[in-house]
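Subject: Handing over a model, with notes on what was found

Dear colleague,

I am passing on the structure below, and I would be glad if you could look through it alongside the notes that come after it.

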Amino acid sequence: MKTKSAIRYSESFKLRVVRELEDGRFETITQARRHYGISGTRTIHGWLKEFGKNSMLPKVVRVETPEEQIELKRLRERVKQLEKAVADQFIASEVEKSFLEIACERAGYDDVEEFKKKVHRRLAGKK
């Protein structure tokens, strides 16, 4: 079984690669990686994070107006209210099912679904 040897790069080498990327010698990190024979795809990203000016790292800037922030807060609160309402409804439904099972058992019905069908037919006949 072959063991893979780890390659350790000196700090000066790392700084050189980062500087060359930031100065524009290479258009992409992949070009620098291929030029220097660096095998790891995330290696140079780590060097840029550690030594770079962060100009090569992708950035996400989110700008929100005060109105958007207020709306986002309102919507999050609404989601919480709706989640609570769904949970309450689920509990009520479970209680109702349990009550129906107990009522059917006491009335002598073994099959709750059969009881529901019988009641439904009776109510449909009254219309």
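What follows is a summary of the core, the aromatic pairs, the charged side chains and the helices.

Please keep in mind throughout that this is a predicted model.

I begin with the nonpolar core. The largest one has 12 residues, namely Phe-13, Val-17, Val-18, Leu-21, Phe-26, Ile-29, Ala-32, Tyr-36, Ile-38, Ile-44, Trp-47 and Leu-48. Each of the helices α1, α2 and α3 supplies at least two residues of this core, and α1 gives the most, with four residues. Ile-44, itself a member of the core, touches Val-17, Leu-21, Ile-29, Ala-32, Arg-33 and Ile-38 when residues up to four places away in sequence are not counted. In soluble globular proteins, nonpolar side chains tend to be buried together.

The aromatic residues come next. The structure holds six aromatic pairs, and in one of them the ring centres of Tyr-9 and Phe-13 lie 5.3 Å apart with their planes at 15 degrees, so this pair is stacked, the limit for stacking being under 30 degrees. Of these two residues, Tyr-9 is partly exposed, with a relative accessible area of 22%, whereas Phe-13 is buried, with a relative accessible area of 18%. Tyr-9 also pairs with Trp-47, where the centres are 5.2 Å apart and the planes stand at 75 degrees, so that this second pair is edge-to-face. The pair formed by Tyr-9 and Trp-47 links distant parts of the chain, since Tyr-9 belongs to the segment before α1 (11–23) and Trp-47 to helix α3 (residues 43–51), 38 residues apart. Trp-47 counts as buried, at 5% relative accessibility. Ring pairs join Tyr-9, Phe-13, Phe-26, Tyr-36 and Trp-47 into a cluster, and Phe-13, Phe-26, Tyr-36 and Trp-47 are also among the residues listed above for the core.

Turning to the charged side chains, the structure holds eight salt bridges. One of them joins Arg-25 and Glu-20, at 3.0 Å from N to O, and a network of salt bridges links Arg-16, Glu-20 and Arg-25. Glu-20 is found in helix α1 and is buried, with a relative accessible area of 13%, while Arg-25 counts as partly exposed at 47% relative accessibility. Leaving aside neighbours within four places in sequence, Glu-20 is in contact with Arg-25, Phe-26 and Tyr-36. The C-alpha atoms of Glu-20 and Ala-103, which are 83 residues apart along the chain, are separated by 80 Å.

Which side chain of opposite charge is nearest to Arg-33, a residue that is buried yet has no salt bridge? That side chain is Glu-20, and it is 14 Å away; a salt bridge would need a side-chain nitrogen within 4 Å of a carboxyl oxygen, so the two do not form one. Arg-33 lies in helix α2 (residues 29–36), and, with neighbours within four places in sequence left aside, Arg-33 is in contact with Ile-38, Ser-39, Gly-40, Thr-41 and Ile-44.

Two further salt bridges fall within the later helices. In helix α4, Glu-94 forms a salt bridge with Lys-97, the closest N and O atoms being 3.1 Å apart, and because these residues are three places apart in the helix, about one helical turn separates them. Both count as partly exposed, Glu-94 at 31% relative accessibility and Lys-97 at 42%. In helix α5 (residues 112–126), Lys-116 and Glu-113 likewise lie three residues apart, about one turn of the helix, and their side chains meet in a salt bridge at 3.5 Å from N to O. Lys-116 counts as partly exposed at 37% relative accessibility, and Glu-113 is partly exposed with a relative accessible area of 45%. An α-helix has 3.6 residues a turn, so residues three or four places apart point the same way.

Lastly, there is helix α4 itself. This helix (residues 66–107) has 42 residues and reaches 61 Å from its first C-alpha to its last, which is close to the 62 Å expected at 1.5 Å a residue. Gly-108 follows α4 and has a positive phi, near 95 degrees.

With best regards

Technical notes: Residues are numbered from 1 along each chain as its sequence is written. This is a predicted model: local features need pLDDT of at least 70, side-chain atom pairs count only at pLDDT 80 or more; totals for chains, interfaces and linings use all residues. Side-chain values use heavy atoms; hydrogens and water are left out. The expected span of a helix is 1.5 Å times one less than its number of residues. Rings of Phe, Tyr and Trp (its six-membered ring) pair if their centres lie within 6.5 Å; planes under 30 degrees apart count as stacked, over 60 as edge-to-face and the rest as tilted. Buried means under 20% relative accessible area, exposed over 50%, partly exposed in between (1.4 Å probe, protein chains only). Contact means heavy atoms within 4.5 Å. Lys and Arg count as positive and Asp and Glu as negative; His and the chain ends are not counted. A nonpolar core is a set of buried Ala, Val, Leu, Ile, Met, Phe, Trp, Tyr and Cys residues joined through side-chain atoms within 4.5 Å.
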